[in-house]
Amino acid sequence: MAELSTKQPILAVAEPRGPATMSDDMLARIKHAVDETDDRTESFLFIGRKSSGKKTLALTIPGRKFIFCFDPNASSGLAGLKDVDYIEFLPRKLRAVLKPTPDREDKARKDFHQVSDPPGPWNDFEKFHQRAQDSNFYPQYDVVGFISCTSMQDISLDHTVAMQGRPGYVAERNDRNLVGQNMANVFRTILSENVIVFATAHYSYEQDDETKRMMNAPVLIGMQKAKIPNIFSNVWMLEVEHDKKTGVVEYFAQTVEDSQSLNLGRSRRLAFLAPRFKITSKNPSDPRGWGIGQFFAQAGIKPKERSAT
């Protein structure tokens with residue numbers, strides 16, 4: 001029998017390296033906070049029920065606007081407004097009948113065929129968005145908006161299910177996760193264009209999966225209820241109150257979270273705003289001179305100068 005070796009294994013010793021150095025490109029990216037100014041653009045997510053003033057308040061953001069409309073009612077109220085351009089990406093065919101997804105052993109599931117580029121509004125939007133980035137389209141505007149996230153995710157979900165060869169079938173968990181990632185990527189890429197970004201979303205009063213408490217939550221898919229709001233510097237919940245006796249309708253914005261409304265917040269430059277304040281307009285047909293434009297004036301925030309295109 002061979003004898004067992006009692007020798008210690010020889011450890012490989014790395015060859016000595018010279019002193020580590022930082023490249024000029026790396027050093028150039030380091031910023032000295034004392035020399036910097038906070039000139040980041042603001043971003044807004046307005047959450048509210050139908051007719052709670054989301055779009056009206058968004059239009060008070062000063063500057064030239066480009067708006068993506070994913071909801072059939074999104075373009076209402078835009079006609080005649082100056083410095084507002086928009087494009088619509090609407091469902092072409094309603095998904096009238098939903099079928100449960102077959103079991104994995106079911107032959108029908110094996111017959112699914114993935115489609116790399118299914119036609120539809122989300123496909124059209126992705127092509128437009130990519131060309132807009134490549135052609136430096138967004139920086140000619142001060143504001144880029146999305147109305148609404150709720151319809152936007154529905155259109156993206158239909159596209160995702162179609163890509164998997166399952167049009168008309170109920171979406172699965174992986175489909176929803178992919179939709180959330182796609183939406184988050186869209187917002188992040190446009191925020192990198194140095195423009196103000198706003199988006200609107202509906203909310204519902206529902207039971208939280210973790211705490212089991214009843215909460216006001218945006219109508220977004222899964223973890224996107226928390227992830228999407230974290231992308232924006234301002235997340236405001238809008239409410240409408242109707243006095244039945246006097247017939248007076250008042251609109252309010254809440255900018256600080258409470259026990260029933262999480263993920264709300266306001267940026268440092270707009271920290272002077274009250275946790276809840278009235279946003280009722282005296283002239284809703286003219287969004288200029290009040291709302292966010294007034295708040296920007298108070299905070300000393302001015303639209304960036306744009307070079308002529």
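User: How many cavities of 30 Å³ or more does a search of the whole structure find?
Analyst: The structure is a predicted model. The cut-off for this count is a volume of 30 Å³. With that limit applied to the whole structure, the number of cavities found is 1.

User: What is the volume of the largest cavity, and which strand gives the most to its lining?
Analyst: The volume of the largest cavity is about 60 Å³. Its lining includes Asn216, Ala217 and Pro218, together with residues such as Ile47, Tyr203 and Met237. With 3 residues, the element that gives the most to this lining is β7.

User: How do the residues lining the largest cavity divide into nonpolar, polar and charged?
Analyst: Among the lining residues are Ser261, Leu262, Asn263 and Leu264. Ser and Asn count as polar and Leu as nonpolar. Over the whole lining of the largest cavity, the division is 7 nonpolar, 3 polar and no charged.

User: Which residues lie nearest the centre of the largest pocket?
Analyst: The largest pocket has a volume of about 650 Å³. Its lining consists of 22 residues. Those nearest the centre are Asp208, Asp209, Gly222, Met223 and Lys225.

User: Which element provides the largest share of the lining of the largest pocket?
Analyst: Two or more lining residues come from each of α6 (173-191), β6 (203-207), β7 (214-218) and α7 (224-231). By class, the lining has 7 nonpolar, 7 polar and 8 charged residues. The largest share, 4 residues, comes from β7.

User: Why is one side of β3 and of β10 left without a neighbour in the sheet?
Analyst: The open sheet has 8 strands in the order β3-β2-β4-β5-β1-β8-β9-β10, with mixed pairing. β3 (84-88) and β10 (276-278) therefore each have one side without a neighbour, as they stand at the edges, each with a single partner strand.

User: By what angle are neighbouring strands of the sheet of 8 strands turned against each other on average?
Analyst: The sheet is open and its pairing is mixed. The angle between neighbouring strands is taken with direction ignored. On average, the turn is 20°.

User: Which residue of β9 is the bridge partner of Val240?
Analyst: Strands β8 (residues 234-242) and β9 (residues 249-254) pair over 6 bridges. The sense of this pairing is antiparallel. For Val240, the bridge partner in β9 is Tyr251.

User: At about what angle does helix α5 run to β5?
Analyst: Helix α5 spans residues 149-163. This helix lies across three strands, β1 (43-48), β4 (143-147) and β5 (196-201). Relative to β5, helix α5 runs at about 80°.

Note on methods: Residues numbered from 1 in each chain as written. Predicted model: local features only at pLDDT ≥ 70, side-chain atom pairs only at ≥ 80, totals over all residues. Heavy atoms only, no water. Pairing = 2+ DSSP bridges. Axes fitted to C-alpha atoms, helices over the stretch in contact; angles between N-to-C directions. Contact = heavy atoms within 4.5 Å. 1 Å grid on protein atoms, 1.4 Å probe; cavity = no way out; pocket = protein on both sides within 12 Å on 5 of 7 lines; lining within 4 Å. Points joined across faces, edges and corners; volume = space filled by probe spheres on them.
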